Structure formats: C-alpha cells, structure tokens
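Trainee: I would like a close look at one part of this model, with the neighbouring parts added where they help. Please keep to what can be computed from the atoms.

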Amino acid sequence: MPEVENSPAVINKFENMTSATAPAKNVNKFERFKAEKDGLALKDEVDYFAKIGWEAIDEIDRDARLKWLGLFYRTVTPGKFMMRMRTANGILPSSHMRVYAEVVQRYGDEGNADITTRQNMQLRGIRIEDVPDIFRRFHQYGMTSVQTGMDNVRNVTGSPLAGLEADELIDTQGLCRAVQDMITGMGKGNPQFTNLPRKFNIAIAGCRDNSVHAETNDLAFIPAYKEDQIGFNIIVGGMFSPKRYVEAIPLNAWVTPEDVVAVCEAVLLVFRNHGLRANRQKSRLMYLIDEWGVEKFREEVEKQLGHSLEPAAEKDEVNWDKRDHIGLFKQKQPGLNYVGLHVPIGRLYANEMFEIARIADVYGSGEIRLTVEQNLLIPNIPDSRMEAFLKEPLLQERFTINPDNVSRWLVSCTGSQFCGFALIETKNRALAMIKALEAELTLPEPVRIHWTGCPNSCGQPQVADIGLMGTKGRKNGQVVEAADIWMGGKVGKDAHLGERVMQGIPCEDLMPVLRNLLIENFGAQPRQSEYYKPPIAMAEIDGENSDE
Ligand code: HEM
Ligand code: SF4
C-alpha cells in the first residue's frame, strides 16, 4: 500500500538508514525494506510485539511491515492500531460481525469500525497486546486481515446483490472469494504476492449498474456476452493518486467466469515481475502499461497464462444507472427480500454491530453485505418477517431505510480523526454539514457528495456529483482547513471522472458554497417549514465529535 509515501516522518526515517542496513543505491527505500524482510514474516513476531509493547517495536516493522498483517499504526492515536480486514464481495456472516463488535467493544469510546468504499471493514482502537488473541479468534472463525496494506492487493469487490437479483448476469460471490483465496493463500498469507511494486485493486462486476466502480480499479471484470455466452470484458490500469487520476482502459480481452482467477494471477505476476519500482510515484500498473503499450502488456499476460486471450466482446452489459440498494427489494428467490440500511459515513459502534448481527440472524439467513457507498444490506428476509423487521429500533433510530435525498449518497474517507495524512477532518464534518443542509433544503433527486481528507483521494471525490478534497487554505492571513471542490463525476453506465472546479475554500465557508451548488446545479429548494426535523437516523447521531 502507498500509505507511507507522503509521510515526511516515515521518509526521513528511511533517509536515515545506516549503510549497514541500506542495500544498493538507486533502489527506492520501500523496495529496500521489503527486500530486507517480507512483511509476512511478522506473523511469527506478533506474540513478541505484544509482549514488548508498541513503543519498543522496530519502527519500520511497526509503521510499515505490520500492514502486511492488516495492522496500521495510527500516529494520530499513539499506541492504537487500525485493523483492515478482508471481506470478499463485501459479504460476511453475522458471526464475523459479532467478532468485530467484541474486538472494538473492549476499547470503549476509542473502539469503533468503519465500512469502507471497498466493501470492507476497518476496526479502530486496537492495542498490540491484544493482537495475538484477536488473530486466534480470526483463525477460529475463518477471518483474515492478511495482505491488506502497502504493496498488496486490496479487498476484492463484487456486485453487492450477487446471487440475489433476477437481472444478474454473473454471480460474483464465488469468484471474489476464489480470487481472495488465491492472493492470500486461503487467508494464511501468500508470499507470491507480498512484494508487488505498489498496491493493486481488483473488482468483479456481475450486474448491469457497475456497482463496483470498475473503472477505478487496476484490474476489473465487466459482464459482456460473446454470442450467447456470458463472460467478462477486462479493463486495466485504473488508478487515483495525488498526481494522476485515470480510468481503467480496455485490455481488449474477454474471458469466461472460469478464467477469472487465472487471469488475476497472470496479471499480478506480470505486474510483480515487470512493474516499475524505481519511483513510487510511478509504479502503479498504469505506468507499466504506459511504458509497454496495452498490446505488449496483453501479450505478456497471455505468455504468463500460457494461452491467448479472446478479443473483447463488442459491447458490455453495463447499461443501468448506479443504484444505492437502500430500501426494501424483492429477491429472485420467491418470498425473500433484501433490505438496504443507510449507515451515515459508514461509522459503526460495538452496540450497533451486535444489533446488526442479531437482526441478520433473527430475520434473515445471518448474512450481511457491505456496499461501496459504505452502507449495508440484510438479505434473505421472508415476506412474513418483513413487518416485524421494519419495526426494529435499529432501523427506526439509527440506520434508516429511507434517508433524505441530501444525505443518501454521502461518502467520506477517514480524515484527521484517525488518519495521519489528512489535511482536514472529514467524517464528522461531513455529517454535521449534511445535517445542516438537509434541514435547509430538499432535493428532487439524490446528489452524490464525497469527502476525502487529502489528495490521496480514498473518498473518491472524482466520481462524485460534488466531491470535496481536503487541502490547506488561507483566511485572514491564517492557514486554515480548506477544500477543493470537484464536480461532474459519473458512475454506473458511461462512468467518467469529474473535474476540480474550485480550490482552497476554507471549510468554515463551505456551507453557503454547497448550498448554492445544490440549488443552482441540482434543483434544491429551500424547505417550506422552519419546523422541519431531519429523519431520525440523522438526528440521533452522536454530535460529540462533530467539531474535531
Ligand atoms: C496514493 C496514496 C494513498 C495513500 C497514502 C492512502 C492512504 C490510506 C490510509 C492511511 C488509509 C487508512 C486510513 C484510516 O482509516 O485510518 C486508507 C484507506 C483507504 N484508502 Fe487510501 N490511500 C491512497 C490512495 C487511495 C486511493 C487512490 C483510493 C481509491 C480511490 C484509496 C482507497 C482507500 C480505501 C477504500 C480505504 C479504506 C480501506 C479499504 O477498504 O481498503 N486510497 N488509505
Ligand atoms: S484520503 Fe482520507 S483516508 Fe486517505 S490518506 Fe487522505 S485523509 Fe487518509
């Protein structure tokens, strides 16, 4: 993962490496520490780290290599780690949600979890002394956080309705899982893929609305027919970085679902063996494709695969607008329904996580699904149980199924509350602002508002109707938290990235700017009644952290 790239503290540390530890010149520092010791080796050192405590751990192990095990040391909260899990296709059983709840519960106010925009879970507040025990529990339940950070493959995303909807083209559940198992050696860790030149994102879409934002991934599969057979067109090289935002381009290849795992493996091996490693700013897959041209890249993938790839199907089957899945919906299985719950900015606390697990067990099949909009779905609820389900306090008070158009598509990255790269606070600010906007305005259609705390763009402002990217600005001669505004991102059919339209607006002046944008560009109207109260789920949100 590129985590450490922009951190001056970490970079200085590597500058200071002694000649004894520093291998040949011209090799970048990250490559050097990877060559010295693979991150996976830390599996055997975790018990020792737990004994000596976070302050005594070698800094490179603590700040970088532990990310191979999914443990992210957070400088903003000294002594605490964030733990990033793997959730193939965003699907998990209630038992896993309960384990997460138990893990974060023991940290009291400091423990919570986030649903991420890769259909994944991140747990907060973790102390290194607890990690051996947490890993034992993960092992017991078949859960893993392995290879989730630094130069590894991120969570494999898939259609959140896989196996549930009648119009589905390909059920992606098994494919995402098989790709994850291949990359991680069934969750134990796989040294074949622990030293990629940089991070790598894979998405598999099986539906018609590109629910995974395929174009933002290094490698993505998009459903397409060849004659009567359904398979996937492949696109490659999508990436966002502070320096470059680029959509994935066609590989001119079509594969059957059976070939997906082999193609992922071949592409990863080509990237591992030939990807550019000298300059970390230029080591994502797209830079290799730039250097070689897509034809040569394709040939190398074919060589690695051991057979040629069929040319892409002429058109793909992504022809719907993107859906958010919030609300009640019939499944293809007669008599069963799925319900999409709105989780404001993806933040979850232990008591809510226990409740989610309980309602999934009591009303559904015990399954929970996460979406790239940071929301969650409970599938497999029989018609006969729907009425009781909808009366559950969690839906009434916290995670509504009927959010207001203003807040419905709100997405936010972590921001300065926990992330050391952040230039501004995002999640709590985004929530406070959306509540205020919601109280003032009504919108005819939902507007997708994305916040990201720095140019690293984890919150993907480039795909939003209105994107806010944290920066520093000036006001009255003082440096203040500010945001650049992006507009015009399109998702779903004909997805494309938006553009930066305003720069450096102090955060304290953002409200009127957002209000005007919503009125002028999205038909927002002032609310008629001054007695408007926001829907309960938004109103009840704990405002304690709002100003951080
Ligand atoms: C290139 C520089 C980047 C850096 C240094 C970086 C750094 C980080 C950090 C530190 C976190 C964890 C923050 C926390 O929750 O404590 C994070 C999470 C995340 N980032 Fe980035 N990031 C970068 C680029 C991106 C890009 C371009 C995307 C996608 C558009 C992205 C997507 C994510 C996602 C989805 C998460 C949540 C975890 C997950 O499910 O994988 N990041 N990133
Ligand atoms: S975009 Fe957000 S989560 Fe990503 S590095 Fe910046 S502040 Fe952290």
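How many residues does helix 5 have, and what does helix 5 reach from its first C-alpha to its last?

Mentor: The model is a predicted one. Helix 5 covers residues 94-105, which makes 12 residues. From first to last C-alpha the helix reaches 16 Å, close to the 16 Å expected at 1.5 Å a residue. Its buried residues are S94, H96, M97, V99, Y100, A101, V103 and V104.

Helix 7, residues 173-184, can be put through the length check as well. Its 12 residues should span 16 Å at 1.5 Å a residue, and the C-alpha atoms at its ends are 17 Å apart, so expectation and model agree. The buried residues in helix 7 are L175, C176, V179, Q180, D181, M182, I183 and T184. These buried residues pack against helix 8 and against three strands: strand 6 (157-158), strand 7 (202-204) and strand 9 (229-236). After helix 7 comes G185, with a positive phi near 55°.

Helix 8, one of the packing partners of helix 7, also meets helix 9. Helix 8 spans residues 260-274 and helix 9 residues 285-292; their axes come within 10 Å and cross at roughly 80°. Angles of 65 to 115 degrees count as roughly perpendicular, and the two helices are therefore roughly perpendicular to each other. On the helix 8 side the contact is made by V267, V270, F271 and H274, and on the helix 9 side by L285, L288 and W292. Sorted by class, this contact has six nonpolar residues, one polar residue and no charged ones.

Two arginines can be added. R154 sits in the loop between helix 6 and strand 6. Its relative accessibility is 4%, so R154 counts as buried, the cut-off for buried being under 20%. R154 and R86 are 68 residues apart along the chain, with 8.1 Å between their C-alpha atoms. R136 belongs to helix 6, residues 131-141. R136 has a relative accessible area of 51% and is exposed, the cut-off for exposed being over 50%. Between R136 and N402 there are 39 Å from C-alpha to C-alpha, at a sequence separation of 266 residues.

The last item is ligand 2. The residues surrounding ligand 2 are C413, T414, C419, F421, A422, T452, G453, C454, N456, S457 and C458. By class, this shell has six nonpolar and five polar residues, and no charged ones.

Definitions and conventions
Residues numbered from 1 in each chain as written. Chains lettered and ligands numbered in written order. Predicted model: local features only at pLDDT ≥ 70, side-chain atom pairs only at ≥ 80, totals over all residues. Heavy atoms only, no water. Axes fitted to C-alpha atoms, helices over the stretch in contact; angles between N-to-C directions. Helix = DSSP H or I, 4+ residues; strand = E, 2+ residues; numbered from the N terminus. Parallel < 35°, antiparallel > 145°, perpendicular 65-115°, else oblique. Contact = heavy atoms within 4.5 Å. Nonpolar A, V, L, I, M, F, W, Y, C, P; charged D, E, K, R; others polar. Near = heavy atom within 4 Å. Expected span 1.5 Å × (residues − 1). Buried < 20%, exposed > 50% of the residue type's maximum accessible area, 1.4 Å probe, protein only.
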